[in-house]
Amino acid sequence: MQYLFTLYADESGWTKMTPEQQQQGAGAYAAYTEALKAAGVLKSSNRLQPSSSATTLRTTNGKTQVLDGPFADSKEQLGGYYLIDVPDLDAALAWAGRCPGVGHGVVEVRAIWSMDPATQKYEGEASLAAKK
Amino acid sequence: MTANPWSGAQASITADAVARRSYGKLVAFLAARTRDVDAAEDALAEAFAAALADWPRNGCPANPEAWLLTVARRKFLDALRNSRRTEPASDELERMVEGLAAATDEREFPDQRLGLMFACAHPAIDVGIRAPLMLQAVLGLDAAKIASAFLVSPATMGQRLVRAKQKIRQAGIPLRIPEREELRERLETVLDAIYAAFAEGWIDASGTDVARRELAEEAIYLCRLVTELLPGEPEAMGLLALILYAESRRRARRDAQGEYVPMAEQRVEDWDTATIEEAESLLMRACSLDLLGRYQLEGAIQSAHVARCRSGRANWNEVVQLYNALLSYAHSPVVAINRALAIAELEGAQAGLDAIEGFVGDPRLVEYQPWWAARAELLARTGRREEAQHAYDIAIGLERDEPVRRFLDRRRSAVIG
């Protein structure tokens, strides 16, 4: 199963760090990424530009609005993600627990809803509909 | 198959007996790879319905469990194939279909109930639904029955159970026994859920509420299952001992008139000796494994109470020591309250009150009946009558068991003098 880790943290924490601390922090992420690669479970990962650079779109009264800033204005902002492929939630949680993001923020673990490339249908959707 | 046709009633009795023994085994087997507990339960329900139609006509199969597995597996695979007409077949699903279909010897299929229990009590499952989920998935109790025991509406309980099963499937929670390094920690959540089920069933002291009494029995069954499937785990034995001690006094908790009798006033002859002996030997075996834990300590406290009541020799010093040790494992106000009551026996009521002084005003205890009852008792013994009456009032107001309410009311009247 594929799992997406979304990493949330207080961005102001980073700017308050000394260059040495920032280097150390970046090193921890690099090492973690290497470990995921070496285990053969990493699908992709990226760090995002600061949330102040975000642009949000939504439609109000039939009109699409483009707004400056992130969707959620919270203390912790989305700062990056990892997409991994492991057998089950326990394995995913074991990896998430090693993520440096847990030390200074929050890591959310979500299973990917897999889709069959041939039929373009999502797994379990039909049975869900049948239950209702 | 035997030649004699059965009556519908006999078939239903056998189906019930098999259900109790095999339900969780069959669910765990079917859901082990797909993690689809719901689909496994649906297939089993169809298999049981088929049994009730078939067995009265054709007689009881020699191996009812194997019969049910064959039918349930077919229904399960049918449902899987049907859904696959519109859904993709992942490689893993394909393998599992083949694996299930290839298993020809149905007399001996693996018992994966423990894996199912670990999934039900997984840290990713909301703590409040773990016990109900286990009761349903492992024992096949229906949502309405569980709901009535846990005092919530059947619709709400049904929804919460569906959501929890969805979480197992969608989040990919594995149905298996955790790795060695995690085992102890994860076992704790399984034991906590079993204890929660037992405690819920224990509230009805008179045993007149059938759903609740059965819940206590089911919890004992689950706990026995854990000790059988995971032998050598001292905390599992400790919990089984703890709940057996409580169970052994079920009858003694009421007098002939149905009035509540506190432990100190119970007739030792009314206790179930065989159950106590089983608890004692479990506790001894657990302690010999030299890995102390919360449930063993709670069991040991029960054992000390039994020894005192039987011998008439005060052993409050030992009880206080055990509570001190327990506090280091479970630093909860509930433990502190019981410890204070033991201290009161050893050093007087004022010492007991002093021991819980720090919890006065604790918001967690505002609606906790034992806190108010214990405080009332200790206040009364130190002669602080007005405060005692006030505490009794609140304790009575919070109690939902009628005989216990009457008992507290008698105590309250005694304080007024």
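Helices (at least four residues) and strands (at least two) are taken here as DSSP runs, numbered from the N terminus. On that footing, A:Trp113 sits in the loop of chain A that joins strand S6 (105-111) to strand S7 (115-116). The model is a predicted one. With a relative accessibility of 43%, A:Trp113 falls into the partly exposed class, and together with A:Met115 and A:Tyr122 it makes up a nonpolar surface patch of about 290 Å². Also in chain A, A:Gly13 belongs to helix H1 (residues 12-15) and is partly exposed, at 31% relative accessibility. A:Gly13 and A:Leu78 are separated by 65 residues in sequence, while their C-alpha atoms are 13 Å apart in space.

Turning to chain B, the secondary structure amounts to 19 helices and 0 strands. The chain has 417 residues, 53% of which count as buried. Its accessible surface is about 19,200 Å², and carbon and sulfur atoms provide 51% of that. As for contacts in chain B with a separation of 6 or more, 66% of them are between residues 24 or more positions apart.

Charge on the outside of chain B shows up in a negative surface patch, built from B:Glu179, B:Glu181, B:Glu182, B:Glu185 and B:Glu188. One of these, B:Glu185, is part of helix H9 (residues 180-202). B:Glu185 has a relative accessible area of 62%, so it counts as exposed.

Salt bridges come next, and the count over all chains is 33. In chain B, the side chains of B:Arg113 and B:Asp111 pair up with N and O 2.7 Å apart. The two partners fall into separate classes: B:Arg113 is buried at 8% relative accessibility, whereas B:Asp111 is partly exposed at 30%. Another pair, B:Arg294 and B:Glu298, forms a salt bridge at 3.0 Å, N to O. Both residues are in helix H13 (residues 294-311) and are 4 residues apart, which means about one helical turn lies between them. Here B:Arg294 is partly exposed, with 27% relative accessibility, and B:Glu298 is buried, with a relative accessible area of 16%.

A third bridge joins B:Asp393 to B:Arg412, with the closest N and O atoms 2.5 Å apart. Because B:Asp393 lies in helix H18 and B:Arg412 in helix H19, this pair ties together parts of chain B that are 19 residues apart in sequence. B:Asp393 is partly exposed, at 37% relative accessible area; B:Arg412, at 19%, is buried. Beyond single pairs, salt bridges also link B:Glu259, B:Glu402, B:Arg405, B:Arg406 and B:Arg410 into a network.

Finally, there is B:Glu399, a charged residue placed in the loop between helix H18 (385-398) and helix H19 (402-416) of chain B. B:Glu399 is buried yet has no salt bridge. The nearest side chain of opposite charge belongs to B:Arg400 and is 6.3 Å away; a salt bridge would need a side-chain nitrogen of Lys or Arg within 4 Å of a carboxyl oxygen. Leaving aside residues up to four places away in sequence, B:Glu399 touches B:Gln369, B:Val404, B:Arg405 and B:Leu408. Among these neighbours, B:Arg405 is a member of the salt-bridge network described above.

How values were computed: Residues are numbered from 1 along each chain as its sequence is written. Chains are lettered from A and ligands numbered from 1 in the order in which they are written. This is a predicted model: local features need pLDDT of at least 70, side-chain atom pairs count only at pLDDT 80 or more; totals for chains, interfaces and linings use all residues. Side-chain values use heavy atoms; hydrogens and water are left out. Patches are made of residues with over 30% relative accessible area and no salt bridge: like charges are joined within 9 Å, nonpolar side chains (Val, Leu, Ile, Met, Phe, Trp, Tyr) within 5 Å. Accessible areas come from the Shrake-Rupley method with a 1.4 Å probe; for residues, only the protein chains shown count as cover. Lys and Arg count as positive and Asp and Glu as negative; His and the chain ends are not counted. The place of a charge is taken as NZ of Lys, CZ of Arg, CG of Asp or CD of Glu. Buried means under 20% relative accessible area, exposed over 50%, partly exposed in between (1.4 Å probe, protein chains only). Contact means heavy atoms within 4.5 Å.
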